[in-house]
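Let's take a friendly walk through this protein chain. Please have your viewer ready, and we will stop at a few places along the way.

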Amino acid sequence: MNSGVFSGCFLALLAGYVIMAHVTGLYKRQQKSVYMETVYPVLSMFSLIFLHLFLYGCNIFAWRKTRINYSFIFELALTKELKYRDVFLICATAMAAVVGVMFGHLTLLTKGYSYAQVQAIPGLLFLAFLLILVCPFNTIYRSSRYRFLCVMRNIILSPFYKVVMLDFFMADQLCSQVPMLRNIEYVICYYITGSYKTQDYGYCMRTKHYRDLAYAVSFLPYYWRTLQCARRWFDEGDTGHLFNLGKYVSAILAAGARLAYEKDGSVGWLCVVVIMSIAATVYQLYWDFVKDWGLLQMNSKNPWLRDELMLRGKTIYYFSMGLNLILRLAWLQTVLHSSFENVDYRVTSLFLAVVEVIRRGLWNFYRLENEHLNNAGKFRAVKTVPLPFHEVDEED
């Protein structure tokens, strides 16, 4: 009920915001736009965060319907874990608040208020969400917020903590959220340096330390996953973790080549980008389909799949593999520099970031399905778990 109310508010506010943005021409391609440089990163950052969370809610719903024991795999406390209804409520409430604030901010601008008068509003919105995240009081899903912060600590200090499933699963999510991390970095720099008071939105980009940090942020999620793979190899002695480590190293090299090409623009770097990106994509696709999803088994009774499938229709697996292949090729945008007519390049970048988040949401389901079947096959967990799913089914 509450999710529906807040979803309706979100859609209504979003429609009003889009109409007003279109009328004022904010999202058209422009040489200089204070709004697109300063406010839009905040909106796109929240959009990516809560889209990812919404897809996680969809994953929970799908895992429950297919009897995939994600609670056991993630070692979640049954009384404290987020249900899919909770996730949808959080997403609807948060995005209604975000779009409502952005709509109010844009309304003030159209009524003649200067950027200097209203520019603190997006920063205050960002600060409010940070305070909620670290709030110590027993409210707004404190146990889940605390678990999230603990997992983030484990990821950042990867070499010093034993790596469990939830840690490297979350680190994989961060690999799909590099644009969001860079937006967070820019927003923090813009407000901490006081640039919002003078609308000097280029200050951070002119600062060498910020530019160097921006490059570092682009590599951090892959670096963390590399360290996690190394730690798992050290703890378990399984050389498969070293091959997994190689996948993230190839991603780092490909990302580095793309950054160098964006800066240099020469034909030589373009060739390096194409070669490195193709190699990394093939490596990632192999690992997605064979290692993470457990598909493409040659002797399977289900051609190109695996013997045991949690979903009834085989077609959905073939479709998902094809879709994952297409979405993995988003890096081609770096080479082609395609755009949508007069739309600002930041909107195009957000679209590509959304595509990657959607791909990750798809990947999540099959990754957990394969983990569940491996647990059942190795007798670490039973394949069909009668509890707590009976409780959930009765609610549904």
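What follows covers a helix, a surface patch and some backbone angles.

Keep in mind that this is a predicted model. Start at helix H13, which runs over residues 208–236. How far apart should the ends of its 29 residues be? At 1.5 Å a residue the expected span is 42 Å, and the end C-alpha atoms sit 41 Å apart, so the two values agree. Follow the axis of H13 and you will meet a kink of about 45° at Leu-220, shortly before the proline Pro-221. Just after H13 comes Gly-237, whose phi is positive, at about 75°.

Now turn to the surface. A nonpolar patch there is formed by Leu-124, Leu-127, Leu-130, Leu-131, Val-134, Phe-148 and Leu-149, and together they have about 610 Å² of accessible area. Two helices, H7 (120–134) and H8 (142–156), each give two or more residues to this patch. H7 gives the most, with five residues, and Val-134 lies in that helix.

Between H7 and H8 there is a loop that holds Ile-140. This residue has a positive phi, near 50°, although Ile-140 is not a glycine. Is Ile-140 buried or partly exposed? With a relative accessible area of 49%, it falls under the 50% cut-off for exposed, so Ile-140 counts as partly exposed.

A further positive phi outside glycine belongs to Glu-75, near 60°. Glu-75 is found in the loop between helix H4 (70–74) and helix H5 (84–110). Its relative accessible area is 53%, so Glu-75 is exposed.

Terms used
Residues are numbered from 1 along each chain as its sequence is written. This is a predicted model: local features need pLDDT of at least 70, side-chain atom pairs count only at pLDDT 80 or more; totals for chains, interfaces and linings use all residues. Side-chain values use heavy atoms; hydrogens and water are left out. Helices (H or I, at least four residues) and strands (E, at least two) are DSSP runs, numbered from the N terminus. The expected span of a helix is 1.5 Å times one less than its number of residues. The bend at a residue is the angle between axes fitted to the seven residues ending there and the seven starting there. Patches are made of residues with over 30% relative accessible area and no salt bridge: like charges are joined within 9 Å, nonpolar side chains (Val, Leu, Ile, Met, Phe, Trp, Tyr) within 5 Å. Accessible areas come from the Shrake-Rupley method with a 1.4 Å probe; for residues, only the protein chains shown count as cover. A salt bridge is a side-chain nitrogen of Lys or Arg within 4 Å of a carboxyl oxygen of Asp or Glu. Buried means under 20% relative accessible area, exposed over 50%, partly exposed in between (1.4 Å probe, protein chains only).
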